[in-house]
Amino acid sequence: MTLAKEDELLVTAYLDGELPPLEANRLEQRISSEPALAAEIEAYRLLRVALRADLDEDVPSSDLKNRIQLRLSLPRPGRSRPWTSLAASFLAGAVLAGALISGALRHQAGDELASEVVSAHIRGLMAPAPADVASSDHHTVKPWFNGKLAFAPVVPDLGAQGYPLIGGRIDVIGLEPTASLVYSRGKHLISVTEMPTGRAPSPPGASYAERGYLALSWSDGGVTYFAVSDAAPQELETFVKLFKAAAATGAPPL
Amino acid sequence: MDVDDTTDQARFAEVFLPHLVDAFRLARWLAGSRTDAEDIVQEASLRAFKAIRGFGGGDSRAWVLTIVRNTSYTWLTKNRPQAVVLKEDLDAVARNRIDQSSGAEGETPETVLIAKIEAQEIRKAVVALPIPFREVLVLREIHGLNYRAIAEVADIPIGTVMSRLARARRLLLGAMSGGGS
């Protein structure tokens, strides 16, 4: 079952979706009439499946990202200093900047995820824009996530209730892309991060506070949500209630 | 410069960090072990950070993978002049996985185990491939890049991408059906 050289290239390009439609069509007709060709293609497909079989385990340790960030994070303007002191000054700055609700609440089981979500929110605030797609129209924001995620996030419109949508962005939490929506409340921003529930290692607690930010989390229909903001806690709670209600009624499955 | 530095940071976070898993996978397939792969990715992150202003937009993943690939080559030249040594590292990792999966929770279906053993055999065969074939195969099958992107990352013409892929797959199938124990 060795193919001619020319067929081999043809089959290769076909398997990789690189064959123009007409040629692909012609090859498919041949596949249906030539068992040897069909067997070859099947073998290559199995190869692909096996190669990707344990892809989920093929990920770096969780602190690789931290190490890289520590090494590169936020140099103080205008000075060149060794990496270690850069890292130290970054940490000191971040602690001062936060309203010090404090580290005492950190590091409880299951809080790691919430902490990452809070970091993503803070990063959103530091970035040139808090959202990668800026739009108050949920019909623009929702489709923007297509092809970027393996699930479709819900994007409720809460403008009428006083929480206008600003846009959306992709955050990488636990090294996986997640959908984050950005809403505003007065001068405060609220990030809502959505991820498939299975990804959360343990059920996240309902509320988590760090560095002046509050994160409220809940799960619904296989999705875990985190709402993060420095807005007043009651306002965030109200927002979450509205979000839940709108998500339950206003998001027809596409 | 204040503004520039902050922008570099933000840009690096946007361009490099989302592709950390991809970066790690490529480095691991090229270097062999997880530890070495993490070292390579760290080194690549420094290179990427220094070069971040040269990134002109476009496909950030291909850009990151190009840097990781080049860093891997530097690393290999220095640490593994004969790339044969690579094999054992990965074998050990693969064996570990089998042990873990059969030990965990008693109810692992037999079929899963069989699939894993096959995957292990295939991994072995992939690691035995010469690096030029291995890298195009990994970029295609693990990272899902198209030919154009692979050509960019590996710095070869598209036609060469295709012929190397064909060759890599034929070698793999040969190893599986003939040499597989």
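## A tour of the two chains

Start in chain A and pick out A:A134, whose bridge partner in β2(A) is A:G167. What you have open is a predicted model, where local features need pLDDT of at least 70, side-chain atom pairs count only at pLDDT 80 or more, and totals for chains, interfaces and linings use all residues. Residues are numbered from 1 along each chain as its sequence is written, while chains are lettered from A and ligands numbered from 1 in the order in which they are written.

**Stop one: strands of chain A**

Now select strand β1, residues 133-134, together with β2(A): they run antiparallel, joined by 2 bridges. Helices (H or I, at least four residues) and strands (E, at least two) are DSSP runs, numbered from the N terminus, and two strands pair if DSSP finds at least two bridges between them.

Stay with β2(A), residues 165-173. Of its 9 residues, 7 are buried, so the strand is largely enclosed by the rest of the structure. Buried means 20 or more other C-beta atoms within 10 Å of a residue's own; exposed means 12 or fewer, and partly exposed is in between, with C-beta atoms placed from the backbone.

Add β3(A), residues 176-185, which pairs with β2(A) in the antiparallel sense over 8 bridges. One of the matches to click is A:I173 with A:E176. The two strands form a hairpin with 2 residues between them, and A:G174 in the turn has a positive phi of about 55°.

Next, highlight β5(A), residues 207-210. Which of its side chains are buried? A:Y208 and A:E210 are, and they point to one face, while A:S207 and A:A209 point to the other and are not buried. In a regular strand the side chains alternate between the two faces of the sheet. Bring in β6(A), residues 213-220: it runs antiparallel to β5(A), with 4 bridges, and A:Y208 has A:A215 as its bridge partner there. This is a hairpin too, with 2 residues between the strands and a positive phi of about 50° at A:R211 in the turn.

**Stop two: a helix of chain A**

Jump to α2(A), residues 21-33. Its 13 residues should span 18 Å at 1.5 Å a residue, and its end C-alpha atoms are 19 Å apart, which agrees. (The expected span is 1.5 Å times one less than the number of residues.) This helix is hardly covered, with a buried count of 0. Zoom out and chain A shows 8 helices and 7 strands.

**Stop three: chain B and its core**

Switch to chain B, with 9 helices and 0 strands. Buried residues make up 37% of its 181 residues.

Select B:A23, B:L26, B:A27, B:V41, B:V64, B:V68 and B:I150. They have the most contacts inside the largest nonpolar core, which has 49 residues. Such a core is a set of buried Ala, Val, Leu, Ile, Met, Phe, Trp, Tyr and Cys residues joined through C-beta atoms within 7 Å. Helix α2 of chain B, residues 20-31, supplies the largest share, 9 residues. Apart from this core lies another, of 37 residues, including A:I166 and A:M195.

**Last stop: where the chains meet**

Show both chains: 38 residues of chain B are in contact with 37 of chain A. Contact means that C-beta atoms, placed from the backbone, lie within 7 Å. α9(B) gives the most to chain B's side, with 8 residues. That side divides into 21 nonpolar, 5 polar and 12 charged residues. Here Ala, Val, Leu, Ile, Met, Phe, Trp, Tyr, Cys and Pro count as nonpolar, Asp, Glu, Lys and Arg as charged, and the others, Gly among them, as polar.

Notes: Contact = placed C-beta atoms within 7 Å.
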